[in-house]
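Please open the structure in your viewer and keep the selection tool at hand. The tour below moves from one selection to the next and says what can be found at each stop.

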Amino acid sequence: SKIKKKVASAKKIETDTINRKNVVKFLKAYGKENKETQVLIETRLGNIKIQLYKDTPLHRASFIFLTKTGYFNTTSFHRIIKDFIVQGGNSDFPITRKLRMKYNNYRIPAEFLSYRKHNYGALSAARIYENNPEKTSSPFEFYIIQRKAGSYHLDGEHTIFGEVISGMDVVNKIAQLETDKKEWPIKEVFIKAKVIK
C-alpha cells in the first residue's frame, strides 16, 4: 500500500543519511569508514590546508562527511572580523539551506579538550548560543582564529577540531576584505573543499 511505501522510504531516509536523532551513531560509523584528516579549501585568494584532529572524532567525521558530500562547495567565507576570525560554511544560495534541511540541521555534541586552545590558526565549530546549554556545535559553519595573540575567551565555549597547517597568509588576506554591516564580505570568497589525506 501507499502508506507502507511511505513508511519504508521514511525509514530509509533515517538510516540513509545523518539527522538529529542518529547523529552520534552515524558519525561514529562514518568515521570508522572515512579516516582522512586533511582537507584543502580552495578560494580565489589561494588555498588553505586544514589538519583535523583525531581526538575530536565526531567533528572530524562530520567535516569529512560535509566535504565529501559537497556541502561546503555551496558556501563561502561569509563572516569576517579582522584581527579575530574568518568564518565559513554559509551562503545566500537556496541549495545551502536545502542541504541543511536534508541533513535535518543536525548538531554535534561538544568535544571540549582542556589542552586545546583557540590559538592563531585554530579551526573551531560555530554554534548557537540561545537555548543551547550543552554547547552543541553547528556542523555547517566553522571559523579560523586570525588573531595572532589567540582568542582564549572562546576556550570551553566552542569545540576546536583542527588547525590550519598551510595557507594562513590566505586567511589573513580574507580577513583584510571589506565587509558590509553584517560582517559579510562585499566581494564573495567562495569555498571549494576537498579531502586530500
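What follows is a walk through a predicted model, beginning with its sheet and ending with two loop residues.

**The sheet**

Begin by showing the strands as a cartoon, and you will find eight of them forming an open sheet in the order S3-S4-S6-S5-S7-S2-S1-S8, with antiparallel pairing. At the edges are S3 and strand S8 (192–195), each of which pairs on one side only. If you step across the sheet, the twist averages 30 degrees from one strand to the next.

Now select S5 and S7, which run antiparallel and are joined by three bridges. To see a pair of partners, pick leucine 123, whose bridge partner in S7 is glycine 162.

**Helix H3**

Next select residues 57–68, which make up helix H3. The helix has twelve residues and reaches 16 Å from its first C-alpha to its last, close to the 16 Å expected at 1.5 Å a residue. H3 packs on the sheet, where it touches S1, S2, S5, S6, S7 and S8, and its direction makes about 120 degrees with that of S8.

Is this helix mostly covered, or mostly open? Ten of the twelve residues of H3 are buried, so the helix is mostly covered. Among the buried residues to highlight are Leu58, His59, Arg60, Phe63 and Leu66. Just after the helix, select glycine 70, which follows H3 and has a positive phi, near 90 degrees.

**Threonine 43**

Move now to threonine 43, which has its place in strand S1 (residues 38–43). This residue counts as buried because its relative accessibility is 12%, and the cut-off for buried is under 20%. Showing its side chain brings two backbone atoms into view: the side chain of threonine 43 reaches the backbone nitrogen of leucine 45 at 3.0 Å, and it also reaches the backbone oxygen of glycine 46 at 2.7 Å.

Which residues does threonine 43 contact once its neighbours within four places in sequence are left aside? They are Phe77, Val170, Val189 and Phe190. For a distance to check in the viewer, take the C-alpha atoms of threonine 43 and arginine 60, which are 17 residues apart along the chain and separated by 21 Å.

**The salt bridges**

Side chains of opposite charge can pair when their charged atoms come close. A search of the whole structure finds seven salt bridges, and the tour stops at some of them.

Select aspartate 55 and arginine 116, whose side chains meet in a salt bridge at 2.7 Å, N to O. The pair links distant parts of the chain, 61 residues apart, with aspartate 55 in the loop between strand S2 (46–52) and H3, and arginine 116 in the loop between H4 and S5. Aspartate 55 counts as partly exposed at 30% relative accessibility, whereas arginine 116 counts as buried at 18%.

Then select glutamate 141 and arginine 100, which meet in a salt bridge at 2.9 Å, N to O. Because glutamate 141 lies in the loop between S5 and strand S6 (142–145) and arginine 100 lies in helix H4, the pair ties together parts that are 41 residues apart in sequence. Glutamate 141 and arginine 100 are both buried.

A further salt bridge joins the side chains of glutamate 157 and arginine 127 at 2.6 Å, N to O. Glutamate 157 lies in the loop between S6 and strand S7 (160–166) and arginine 127 in the loop between S5 and S6, so this pair ties together parts that are 30 residues apart in sequence. Glutamate 157 is partly exposed, with a relative accessible area of 23%, while arginine 127 counts as buried at 12% relative accessibility. Add Lys135 to the selection, since salt bridges that share partners join Arg127, Lys135 and Glu157 into one network.

**Two loop residues**

Most residues other than glycine have a negative phi. For a first exception, select aspartate 83, whose phi is positive, near 60 degrees. Aspartate 83 is found in the loop between strand S3 (76–81) and strand S4 (85–90), and it counts as partly exposed at 45% relative accessibility.

Finish at asparagine 105, which is not a glycine either and has a positive phi of about 45 degrees. Asparagine 105 lies in the loop between helix H4 (94–102) and strand S5 (122–125), and its relative accessibility of 32% makes it partly exposed.

Technical notes
Residues are numbered from 1 along each chain as its sequence is written. This is a predicted model: local features need pLDDT of at least 70, side-chain atom pairs count only at pLDDT 80 or more; totals for chains, interfaces and linings use all residues. Side-chain values use heavy atoms; hydrogens and water are left out. Helices (H or I, at least four residues) and strands (E, at least two) are DSSP runs, numbered from the N terminus. Buried means under 20% relative accessible area, exposed over 50%, partly exposed in between (1.4 Å probe, protein chains only). The expected span of a helix is 1.5 Å times one less than its number of residues. Contact means heavy atoms within 4.5 Å. A polar contact is a pair of N or O atoms within 3.5 Å; within protein, one must be able to donate a hydrogen and the other to accept it, and residues adjacent in sequence count only if both atoms are side-chain atoms. A salt bridge is a side-chain nitrogen of Lys or Arg within 4 Å of a carboxyl oxygen of Asp or Glu. Two strands pair if DSSP finds at least two bridges between them. Axes are lines fitted to C-alpha atoms, for helices over the stretch in contact, and angles run from 0 to 180 degrees between N-to-C directions.
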